[in-house]
Amino acid sequence: MNTSRTVRAALLVAICMATLLVVAFNIANLVEAYGNGPPYYSRTVNMDKWQSPLPVLAAIDMAALLILAFAVRCWRRADKRQ
């Protein structure tokens, strides 16, 4: 296995792992924010202090999308050189 092929394989694995990490981060934050059951007393006590996580998650997703697009571009460029 030559160096170029190893670098491309490592970059592809990094792209997949980063995508899974961002998806897991989004799921964990959405489940924490919205819960998985009906509201009850302890969930509704501080509803005036609750904030939607969607703007922060959208910013993180956009940053991750830009980084992943750059990584895919590098991977495709390395693939074309081969």
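This passage describes the fold, surface and selected residues of a predicted model of one protein chain.

The protein chain contains three helices and zero strands. Read from the N terminus, its elements follow the order α-α-α. Helix H1 covers residues 3-34. Helix H3 covers residues 54-81. Of the 82 residues in the protein chain, 11% count as buried. The exposed area of the protein chain is about 6,800 Å². Carbon and sulfur atoms supply 68% of that area. Contacts were also examined by separation in sequence. Among those between residues at least 6 apart, 72% join residues at least 24 apart.

Asn-26 sits in helix H1. Its relative accessibility is 14%. Asn-26 therefore counts as buried, since the cut-off for that class is under 20%. Beyond its neighbours within four places in sequence, Asn-26 is in contact with Leu-57 and Asp-61.

Leu-30 is also placed in helix H1. This residue has a relative accessible area of 31%, so it is classed as partly exposed. Leu-30 touches Gly-35, Pro-53, Leu-54 and Leu-57 when neighbours within four places in sequence are set aside. Leu-57 is thus a contact of Leu-30 and a contact of Asn-26. The pair Leu-30 and Pro-53 is separated by 23 residues in sequence. In space, their C-alpha atoms are 7.3 Å apart.

Leu-30 also belongs to a nonpolar patch on the surface. The other members are Tyr-34, Met-47, Trp-50 and Leu-54. Together the five residues have about 470 Å² of accessible area. Leu-54 is both a member of this patch and a contact of Leu-30. Tyr-34 lies in helix H1. Its relative accessible area is 42%, so Tyr-34 is partly exposed. Membership of a patch requires over 30% relative accessible area. Leu-30, at 31%, meets that requirement. Tyr-34, at 42%, meets it too.

A patch of positive charge is also present on the surface. Arg-73, Arg-76, Arg-77, Lys-80 and Arg-81 gather there. Lys-80 is found in helix H3. At 73% relative accessibility, Lys-80 counts as exposed, because that class begins over 50%.

Conventions
Residues numbered from 1 in each chain as written. Predicted model: local features only at pLDDT ≥ 70, side-chain atom pairs only at ≥ 80, totals over all residues. Heavy atoms only, no water. Helix = DSSP H or I, 4+ residues; strand = E, 2+ residues; numbered from the N terminus. Buried < 20%, exposed > 50% of the residue type's maximum accessible area, 1.4 Å probe, protein only. Contact = heavy atoms within 4.5 Å. Areas by Shrake-Rupley, 256 points an atom, 1.4 Å probe, with all protein chains shown as cover. Patch = residues over 30% accessible without salt bridge, like charges linked within 9 Å, V, L, I, M, F, W, Y side chains within 5 Å. Salt bridge = Lys/Arg side-chain N within 4 Å of Asp/Glu carboxyl O. Lys, Arg positive; Asp, Glu negative; His and termini not counted. Charge placed at Lys NZ, Arg CZ, Asp CG, Glu CD.
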